[in-house]
Amino acid sequence: MKAWTLSDGDVRVRNDCANSKRIKVVMAWGPDLACWTIPAGGGAEWDDPLGRLDRVELC
């Protein structure tokens, strides 16, 4: 699982694992994002969430 912030402030997550993962994006100085299921090889992007990306946790 990889997570990073894009230059416009959006957060992107990529699941490089062999199976689906249920994850939550944890933000510093802002509310955490809801849990999402990311399929194997898939990804998700959140438009400019409040705060700064801190980490990704399994739900």
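Two strands count as paired when DSSP finds at least two bridges between them. Keep that rule in mind for the predicted model shown above.

Take one bridge as a way in. Lys-2 has Arg-14, in β2, as its bridge partner. That link is part of a wider pairing. Four bridges join β1 to β2, and the two strands run antiparallel. Strands of a sheet pair through backbone hydrogen bonds, either parallel or antiparallel.

Now widen the view. β1, β2 and β5 form an open sheet of three strands, in the order β1-β2-β5, with antiparallel pairing. The edge strands are β1, residues 2–5, and β5, since each of these pairs on one side only. From one strand to the next, the twist averages 15 degrees.

Next comes the whole chain. The protein has six strands and zero helices. Read from the N terminus, the elements run β-β-β-β-β-β. The C-alpha trace spans about 30 × 20 × 15 Å along its principal axes. What radius of gyration would a compact globule of 59 residues have? The expected value is near 10 Å, and the protein has 11 Å, which agrees. Contacts also reach across the sequence. Among contacts with a separation of 6 or more, 49% are between residues 24 or more positions apart.

Move inside. Buried residues make up 27% of the 59 residues. Which residues form the largest nonpolar core? There are ten: Val-11, Val-13, Ile-23, Val-25, Met-27, Leu-33, Ile-38, Ala-44, Trp-46 and Leu-53. The elements that give two or more residues to this core are β2 (11–14), β3 and β5. Of the contributors, β3 gives the most, with three residues.

Ile-23 is a good core residue to follow. Setting aside neighbours within four places in sequence, Ile-23 is in contact with Met-1 and Val-13. The list goes on with Ala-34, Cys-35, Trp-36, Ile-38 and Trp-46. It ends with Val-56, Glu-57, Leu-58 and Cys-59. Two names in that list, Cys-35 and Cys-59, lead to the next feature.

A disulfide is a covalent bond between the sulfur atoms of two cysteines. How many disulfides does the model hold? The count comes to one. The bond joins Cys-35 to Cys-59, with an S to S distance of 2.0 Å. The pair links distant parts of the chain, 24 residues apart. Cys-35 sits in the loop between β3 (21–28) and β4 (36–38). Cys-59 sits in the segment after β6 (52–58). The torsion about the S-S bond of Cys-35 and Cys-59 is about -90 degrees, so the disulfide is left-handed.

Are these cysteines buried or exposed? The cut-offs decide: buried means under 20% relative accessible area, exposed means over 50%, and partly exposed lies in between. Cys-35 has a relative accessible area of 31%, so Cys-35 is partly exposed. Cys-59, at 46%, is partly exposed as well. Cys-17 is in no disulfide, and the nearest cysteine sulfur, that of Cys-59, is 14 Å away. With 27% relative accessibility, Cys-17 counts as partly exposed.

Two loop residues deserve a look for their backbone angles. Trp-29 lies in the loop between β3 and β4. Phi of Trp-29 is near 60 degrees, a positive value in a residue other than glycine. At 73% relative accessibility, Trp-29 counts as exposed. Asp-48 is in the loop between β5 (43–46) and β6. Asp-48 is not a glycine, yet has a positive phi of about 40 degrees.

Finish in strand β4, with Thr-37. Thr-37 has a relative accessible area of 46%, so this residue is partly exposed. Which residues does Thr-37 touch, not counting those up to four places away in sequence? They are Ser-20, Lys-21 and Arg-22. The C-alpha atoms of Thr-37 and Lys-24 are separated by 8.9 Å, and the two residues are 13 residues apart along the chain.

Conventions. Residues are numbered from 1 along each chain as its sequence is written. This is a predicted model: local features need pLDDT of at least 70, side-chain atom pairs count only at pLDDT 80 or more; totals for chains, interfaces and linings use all residues. Side-chain values use heavy atoms; hydrogens and water are left out. A disulfide is a pair of cysteine sulfur atoms within 2.5 Å. Buried means under 20% relative accessible area, exposed over 50%, partly exposed in between (1.4 Å probe, protein chains only). A nonpolar core is a set of buried Ala, Val, Leu, Ile, Met, Phe, Trp, Tyr and Cys residues joined through side-chain atoms within 4.5 Å. Contact means heavy atoms within 4.5 Å. Axes are lines fitted to C-alpha atoms, for helices over the stretch in contact, and angles run from 0 to 180 degrees between N-to-C directions. The radius of gyration is taken over C-alpha atoms; the globule rule is 2.2 Å times the number of residues to the power 0.38.
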